[in-house]
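Biologist: I am new to this structure and would love a close look at a single part of it. Could you pick the open sheet and walk me through it, and then show me a few other spots worth finding?

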Amino acid sequence: MPYGHFFKRTKERNSPEEQTLKPLHHSVDENVEKLKAELGDSTDLSIRFIHSPHDETVKVAVIHLDGLTDDITLNEHVINSLIQWTSKTINESTEELEEGVKRALSVSQLTIKEDWESFLAAVLSGDAVVLLNRCSKVFITNTQKLQSRAITEPTTQTVVKGPKDCFTENLRTNTSLIRSKIQNPCLRLKSMKIGKATQTDVAIMYIEGIVDEAIQQEVQKRLKKIDINSILESNYIEELIKDDSKTIFPLILSTERPDAVVGNLLEGRVAIIIQGTPYVLITPVVFSQFLQSPEDYYQNYYISSFVRLLRFVAFFMSMYVSSIYLALITHHHGLIPTTLLVSLMAQREIVPFPAIVEIILMELAFETLREAGIRMPRAIGPAVSIVGALILGQAAVDAGFVSAAVVIIVAISSISSFTLPNISISSVARGFRFMLILASSFIGLYGILLVTLCIWLHMSTLRSFGILYFNPFAPFNLQKQKDGLLRFPLPFLLKKPNKPKPIK
């Protein structure tokens, strides 16, 4: 992707206090000509001049970009109103003209600025702006109309029971979905723009009184420190603000489900919403959250606890099944029952490759089929990936390239990763799977234990905005075990949440 230059950061960046704002000119024509030069006389730049029939000096310019403005609102509440106002204007002072424009513009939100930067930013963001001759102010009307898809069901986080709405690429739509579920005056929304080239709208939401003030201030501080040209997706923000940029583990939760965001806000976390992406970031988070789902609270707690335990088991199976099989079949024959060992060795008699090559070939083949199923057209992708896996596995066994046991082991490993509710943690399991396979091929179970120890040591050092990643398991918190591996009944959970405290 030709976005490399967008990631470059400037060596020096002036603070807002150090930046000198350029004032607007008193002449409408001068400002219009400067804007045309600034935008390269773009063909989507629309300028409408309105004159007073009684006074030649009374001149108004309505400026907007085609496609970004609501034409109905613009015509009815801006242009028509200004035409009626100018038709009655006779020999008024500049101050009286300014007040007349304010009264004429019947829009829900009207902002007045006096600097060139605000004027240009308003035009580029889709607002219609009004310039008045003999006045060095710009009147910014709230007439944006950003194109966005309708609210649909989540695509990556399938819902069986629960709300079936999901976020869209429009920031205001996303904030409204959250506000519709939390109708509380303590819900706070802070907005900013990030990206010198894209000027992407970014907002953070939290509930005052529940969130830890130090954490929400730290989130704002890190966002304001971002110095980059473009923000095209939520991962740009995630990589730039997380505590450890080198770890493979996700330190910020990404979700497209409003109910998941609402639940985390009520637990004292901060949500980061980015214009142009349907994924909202949640911070701070711990490891166990990536193996939990909002649906755990929509079902009977016995069923939810069983399914949650199943996810934890599936996570470890996805990582360890292939490596343990390889260690047993290569280095630890004595741990396999004799009858099973004889059967496995009989299958491998016609296989010309070592066990390590056999497993890696099948793992890579399944990963390739998985990726092909994602990238192919939606109508044929699932069919190709499923049929391809069945045919490939059977053909490989019949041809003698791999044994039937390896196909079963790799299938169990791959299917286990599909049970995980978050794609980020699923990718972690897939990544460590190959590392464990290589370690087990050299020194068997000792290699698996060594790599596992390194993984746990690494995870124990991770923090998400000061919160230990292993919390509440390490350090152990008995009170929070009610919503850890198991899900206790709601009467035990529906209490005032404890604020997450960062570890110093």
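Modeller: Here is a walk through the sheet, followed by some single residues and a surface patch.

A word on the source comes before the tour. This is a predicted model, in which local features need pLDDT of at least 70 and side-chain atom pairs count only at pLDDT 80 or more, while totals for chains, interfaces and linings use all residues. Residues are numbered from 1 along each chain as its sequence is written, and side-chain values use heavy atoms, with hydrogens and water left out.

The open sheet has 5 strands in the order β1-β2-β4-β5-β3, and their pairing is antiparallel. Strands here are DSSP runs of E with at least two residues, and helices are runs of H or I with at least four, both numbered from the N terminus. Two strands pair if DSSP finds at least two bridges between them. In general, strands of a sheet pair through backbone hydrogen bonds, either parallel or antiparallel.

At the edges stand β1 (45-51) and β3 (110-113); each has a single partner strand, so one side of each is left without a neighbour in the sheet. On average, neighbouring strands of this sheet are turned by 20° against each other, direction ignored. For such angles, axes are lines fitted to C-alpha atoms, for helices over the stretch in contact, and the angles run from 0 to 180 degrees between N-to-C directions.

Now look at β4 (residues 128-132) and β5 (residues 138-141), which pair in the antiparallel sense over 4 bridges. Within this pair, V130 stands opposite F139 in β5. Helix α3 (residues 94-104) packs on the sheet and touches β3, β4 and β5, with a direction about 155° from that of β4. Touching, or contact, means heavy atoms within 4.5 Å. Helix α1 (residues 28-38) lies across β1, β2 (59-65) and β4, and runs at about 170° to β1.

Follow the chain into the loop between α1 and β1 and you will find D41. Its phi is near 55°, a positive value in a residue other than glycine. D41 counts as exposed at 53% relative accessibility; the cut-offs are under 20% relative accessible area for buried, over 50% for exposed and partly exposed in between, with a 1.4 Å probe and protein chains only.

Another non-glycine residue with a positive phi, of about 50°, is Q199. Q199 sits in the loop between β6 (187-194) and β7 (200-207), and at 39% relative accessibility it counts as partly exposed. In strand β7 you can find A203, which is buried at 0% relative accessibility. Leaving aside residues up to four places away in sequence, A203 touches L171, L189, K190, S191, A271, I272 and I273.

Two peptide bonds are also worth finding. The one from T283 to P284 is cis, with omega near -5°, and P284 belongs to the loop between β10 (280-283) and α9. The one from N471 to P472 is cis too, with omega near 5°.

Finally, turn to the surface, where L309, L485, L486, F488 and F492 form a nonpolar patch with about 400 Å² of accessible area together. L309 lies in helix α9 (residues 301-330) and is partly exposed, with a relative accessible area of 37%.

Terms used
Patches are made of residues with over 30% relative accessible area and no salt bridge: like charges are joined within 9 Å, nonpolar side chains (Val, Leu, Ile, Met, Phe, Trp, Tyr) within 5 Å. Accessible areas come from the Shrake-Rupley method with a 1.4 Å probe; for residues, only the protein chains shown count as cover. A salt bridge is a side-chain nitrogen of Lys or Arg within 4 Å of a carboxyl oxygen of Asp or Glu.
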